[in-house]
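User: I would like to learn how to read a structure like this one, feature by feature. Could you take me through it slowly?

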Number of protein chains: 2
Amino acid sequence: MSNNKIVFAQLNPISGDVEYNKNKAIEYIKRAKAEKAGLIIFPELFLIGYPIGDILTRYPSLLKQTQKALDEVKKHSDNISILIGYPQINKDKIGKPYYNSVSLIKDGEIKKTVRKTLLANYSEHNDYRYFEPYFKEQNRIFELNGVKYGIIICEDGWNDFDFFCKNLYNIDPVQEIADKIDCLICLASSCTRAKKEQLKHNMMKFVSKKYKIKYIYVNQVGANDELIYDGLSRIYDENGEIIARAKAFEEDFFVVDDFKGKINPLPTGLEKTLDSQKEFSLDYEADLDRTYQSIILSIKEYFSKNGIKRAVLGLSGGLDSTICATLLADAIGNKNVIGVSMPSKITSSESKNDAKELAQNLGINFLEIPIKQECDVISNKFSDVFKKIDLPRYQASYTNDNIQARLRATILWGISNEFESTIPIATSDKSELYMGYATINGDMSGGFAPITDVVKTKLFALARWMNENRLIKNSIPISIIKKPPGAELAINPETGKPLLAEEALMPYEFLDEIIWRLENFSQSIDNMMEEKFLYETKHQIDEKTKLMWLNKFFKRLNRAIYKWYIAPIGPIVDSRSINKQEFKQPVVSNIDYK
Amino acid sequence: MSNNKIVFAQLNPISGDVEYNKNKAIEYIKRAKAEKAGLIIFPELFLIGYPIGDILTRYPSLLKQTQKALDEVKKHSDNISILIGYPQINKDKIGKPYYNSVSLIKDGEIKKTVRKTLLANYSEHNDYRYFEPYFKEQNRIFELNGVKYGIIICEDGWNDFDFFCKNLYNIDPVQEIADKIDCLICLASSCTRAKKEQLKHNMMKFVSKKYKIKYIYVNQVGANDELIYDGLSRIYDENGEIIARAKAFEEDFFVVDDFKGKINPLPTGLEKTLDSQKEFSLDYEADLDRTYQSIILSIKEYFSKNGIKRAVLGLSGGLDSTICATLLADAIGNKNVIGVSMPSKITSSESKNDAKELAQNLGINFLEIPIKQECDVISNKFSDVFKKIDLPRYQASYTNDNIQARLRATILWGISNEFESTIPIATSDKSELYMGYATINGDMSGGFAPITDVVKTKLFALARWMNENRLIKNSIPISIIKKPPGAELAINPETGKPLLAEEALMPYEFLDEIIWRLENFSQSIDNMMEEKFLYETKHQIDEKTKLMWLNKFFKRLNRAIYKWYIAPIGPIVDSRSINKQEFKQPVVSNIDYK
């Protein structure tokens, strides 16, 4: 009997919940056996889940649970080969405590165990912390129904010397086995980032063509903390063509029969993401579907895995809270979202109306709670208090502006404390976080921060995209998208109107390009002065203004870092972020950004 | 001329501030030359500072600054040999972007460069992130006035196969050169932790005796973010005896002449720290001086390096705020500390009096700002708001308790926003953080958190220690030390008095031992059930109560992790901590702690 039916178990584990993950594994093994599949492949470290942080080193008892789970999986391995990932004790006297391993299980036995050789230790990865890289010789190859397979684990597949200009490791596990196998199998837990899918695709395509082998890639799906896994498990043929691809952003019991299967679509536009890399552009189209799906999945998972039902957030009538409310409605259901409009004396009637209209369009719960009176109570209190303090005052004080933001957060946390299973949402966006333009214990505060890694100009694009692509069209009032952003915490004395963000900072189009150049090319102020910004092609600005904006950016950034340190969890969606799991700049540091 | 005069440049760098660090280096080189020293040794990575986080990868322009600084240092190297650490580009096509290097500079030239081989990647260390370990052969040896020296860098010295039962790496750079040298030189940036000095001492003593060599260890001093460097550079003779030791917690231009020098004292009691490791004890004596000096230095550095002058904190009359106020007064000067008593209707008159008395004793600024009225305004507001929300309410709600904590933080942040160069202080302690017994946007909130890594029972000991050992004795009213801790946010219906922390949680003595067992031995609930707690030797508790407390601890811990994620910066002083730079547990995780 020749059986080349293979199941890709594209599953969503819970970090540390061995019992849950094991039960999922067994359920899928049973289904695979019912389908008469010969092989089922799980993602990297599936039994313990990923990311694992320091779970293993602090709770070594989990390792016993993992061993027990593995024993149970073995019992279901009659008539099927199972490839499953888990942490394994390093029994050697030397090295880190664990290996990142994959076992091939069949007929109740472990037939083979492969240990990860290349360990990722950059960006969101920190694998050297607990895992010992395995550099000794190991047999990665097994045969099934006449097909020779070779096993690698995630990063093991990212070191082709011809594909990359610069390599991180001096060995390539794929190269070592490529001429002895028909098909490579990569078990991965690889999270989605902007521009990553195309890089990944190009690399796998390149490798399968180069060696004339098939290439199976089975990825985790789901989200844990800041990381989102997009699934999209796949197989390439010997010419580097995709011959089957599992779903994006969903669990998938994905069957590949005799190396044929369904080719599920990528998020719309994603195939263009790499091309968009060379110059800054306001055309975010290529990444909006993926961004939307990433954040939706991230919210869903954070709520469901933590057992949280509802979200409460302030609706200012501005873009950030509007986007957050829309994403939340789609992720956890509009009936589980409570939007609260909390107008102060600065709030315009347009903003109030926009907030209300948005809530109606989305069908979320809506409350209007004016805070003018309470702001006055605290403001008066402050006047009394401040009189008693004999210290130099700031000339331009944000004290009264911030009372509004903090009172609003106090109300949201009050609701969260009073009503079951409800958390407040922090609505700060990435552009503002870079500039420290968010209030501690105010809009920065919450149990989750959905748009913490999306810049403002992309949020405008996302708003328009959602108006076109959500089931109910045009839920976001166009007035919200058209109005220039502003915190509505203070009046601009020059205009007599609420101070706009771009008046306080700089044009968002310019600001977001600084972020883009910094994150993608690590450019200094000098580098940026030498190059032409998109904004400069449209508006005449002199060198002095440009330099002023650049200096302002880095000066504010330097003072914002302590705020990043206390920013709540939110999804990483961009190619680089300031999330503290990924970007580590000491608060106590003094850098000459020139 | 034989000149074995050596200067240990035990200096305090600023992370990323190459100009500042270089100027310090040159100043010390000039002094060393004036003293006719033959060799000056700086700490690891001195020119860029440590920790460096992702500074180098994001701001590669800093590397040019480092190169320029190195060129300037060269100009001062006539008649003196200089050993100085800095990041060096990895020009190879393969590997991480930088090496962690040390150069021997003399007569305007780099005579030799040694690259770090063993890279720490555990606990607070993350060196694999940016550095490539250097495993190739390199000549670590140089001769000066007839003495053969060998150069290693920090972690290179931590892998003796006879000293450790378990080693992290399979090579020992010391072993490779030991029989060819007279004296080992280790350039380090090694931070202080509980029980670390004795481990370090025992290891260096062991190594120098084993190989019959001298052992020079030059360490950084100062503090950056959570990490504190204690200095204590030293030299051992061939018998493992310390023959000279630089100051603790201070910069030191430390001269060793013909291998003789002053032996500065360790913090009091520190020589006993390793012995205290086997069983949990309330006798913290061995670590109190070091704890005090560590936190003082950490506060000093955070304020001075960030250009902050003043601190404002709430004084509740409880232990946590009392300790914070005392530490702040000593670190930044009592005139720069503003203590604010903010009594609510729950606050007892004892607490108010204690707060006032403490402020008077410390000589800090003191304000009393009652918040009863404002609490009522918000509480009434909440009643109105909550009526409009049709969702299930918690039976036991903390809403009104938290209003007090959040209003207090709002006042402190208001003062910080209004007055120049003033930051609010978060007063949460480690025991409470483990239990999530701290209010977000309340007592958890601040620009710095001095006692975030000190458990409650140790804080009691520290209070008594400070009363005995500070210049002005008994500043802390004994009533504060004697009174059982409580947040004074709610009334206990059973007693009619403010709810005590131990009523809400469990006895601190038991709680702190759970933390101790978890942090030091990674014990599970099952392990802890099998062993006898100190508390059990004094009080009769049944198995059921013990298990209930243990379950309560882990259940609360699991829900507290999202709070750790947004906790402000504070010094790591214990041997293990929950500081997010050191301990990484995903918020989204579900662990069976049995």
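Analyst: Let us begin with the division into domains, and please keep in mind throughout that this is a predicted model. The domain assignment of chain A gives domain 1, residues 5-266, and domain 2, residues 277-565. Taken over C-alpha atoms, the centres of domain 1 and domain 2 of chain A are separated by 39 Å.

User: How many residues of domain 1 of chain A and of domain 2 of chain A take part in the contact?

Analyst: The contact takes 10 residues from domain 1 of chain A and 10 residues from domain 2 of chain A. On the side of domain 1 that touches domain 2, the largest share, three residues, comes from strand 10 (residues 221-224) of chain A. By class, that side of domain 1 of chain A has six nonpolar, three polar and one charged residues.

User: Stepping back to the whole of chain A, what does its radius of gyration say?

Analyst: The idea is to compare the value with what a compact globule of that length would have: for 594 residues this is near 25 Å, and chain A has 26 Å, which agrees. The C-alpha atoms of chain A fill a box of roughly 85 × 55 × 50 Å along the principal axes. Chain A holds 18 helices and 18 strands, and buried residues make up 57% of its 594 residues. Among the contacts in chain A between residues at least 6 apart in sequence, 69% join residues at least 24 apart.

User: How is chain B related to chain A?

Analyst: One asks what movement lays one copy on the other: here a turn of 180° with a shift of 0.0 Å along the axis lays chain B on chain A with an RMSD of 0.0 Å. That is the relation of a two-fold axis. In chain B, the C-alpha nearest the axis belongs to B:Ile566, which lies 2.1 Å from it. The same surface serves both copies, as 100% of the contact residues of chain B recur in chain A.

User: And how should I read the contact itself; which helix of chain B gives the largest share of the side that touches chain A?

Analyst: As a general idea, the size of an interface is often given as the accessible area lost when the parts come together. Here we can count residues instead, and the contact takes 91 residues from chain B and 91 residues from chain A. Several helices of chain B each supply at least two residues of the side that touches chain A, among them helix 1 (18-34), helix 6 (285-305) and helix 18 (543-565). The largest share, 11 residues, comes from helix 10 of chain B. The residues of this side of chain B divide into 42 nonpolar, 27 polar and 22 charged.

User: Could we look at one helix closely, and ask what span helix 7 of chain B should have?

Analyst: At 1.5 Å a residue, the 14 residues of helix 7 (residues 319-332) of chain B should span 20 Å, and its end C-alpha atoms are 20 Å apart, which agrees. Helix 7 of chain B is mostly covered, with 14 of its 14 residues buried. Just after helix 7 of chain B, B:Gly333 takes a positive phi of about 100°.

User: What should I look for in the backbone angles?

Analyst: Most residues other than glycine have a negative phi, and most peptide bonds are trans. Against that background, a cis peptide bond joins A:Tyr50 and A:Pro51, with omega about 0°, and A:Pro51 is found in the loop between strand 2 (39-41) and helix 2 (55-58) of chain A. In chain B, a cis peptide bond joins B:Tyr50 and B:Pro51, again with omega about 0°.

User: Where does A:Ser522 lie, and what is its phi?

Analyst: A:Ser522 lies in the loop between helix 15 (508-521) and helix 16 (525-530) of chain A, and its phi is near 50°, a positive value in a residue other than glycine. With 16 C-beta neighbours inside 10 Å, A:Ser522 counts as partly exposed, because a residue needs 20 or more such neighbours to be buried and 12 or fewer to be exposed. B:Lys195 also has a positive phi, near 70°, and is placed in the loop between strand 8 (183-188) and helix 5 (196-211) of chain B.

User: Is A:Gly318 buried or exposed?

Analyst: A:Gly318 is buried, with 22 other C-beta atoms within 10 Å. A:Gly318 sits in the loop between strand 15 (310-314) and helix 7 (319-332) of chain A. Leaving aside neighbours within four places in sequence, A:Gly318 is in contact with A:Ser351 and A:Pro485.

Note on methods
Residues numbered from 1 in each chain as written. Chains lettered and ligands numbered in written order. Predicted model: local features only at pLDDT ≥ 70, side-chain atom pairs only at ≥ 80, totals over all residues. Helix = DSSP H or I, 4+ residues; strand = E, 2+ residues; numbered from the N terminus. Rg over C-alpha atoms; globule rule 2.2 N^0.38 Å. Contact = placed C-beta atoms within 7 Å. Nonpolar A, V, L, I, M, F, W, Y, C, P; charged D, E, K, R; others polar. Least-squares fit on C-alpha atoms with pLDDT ≥ 70 in both. Domains from an automatic or database assignment. Expected span 1.5 Å × (residues − 1).
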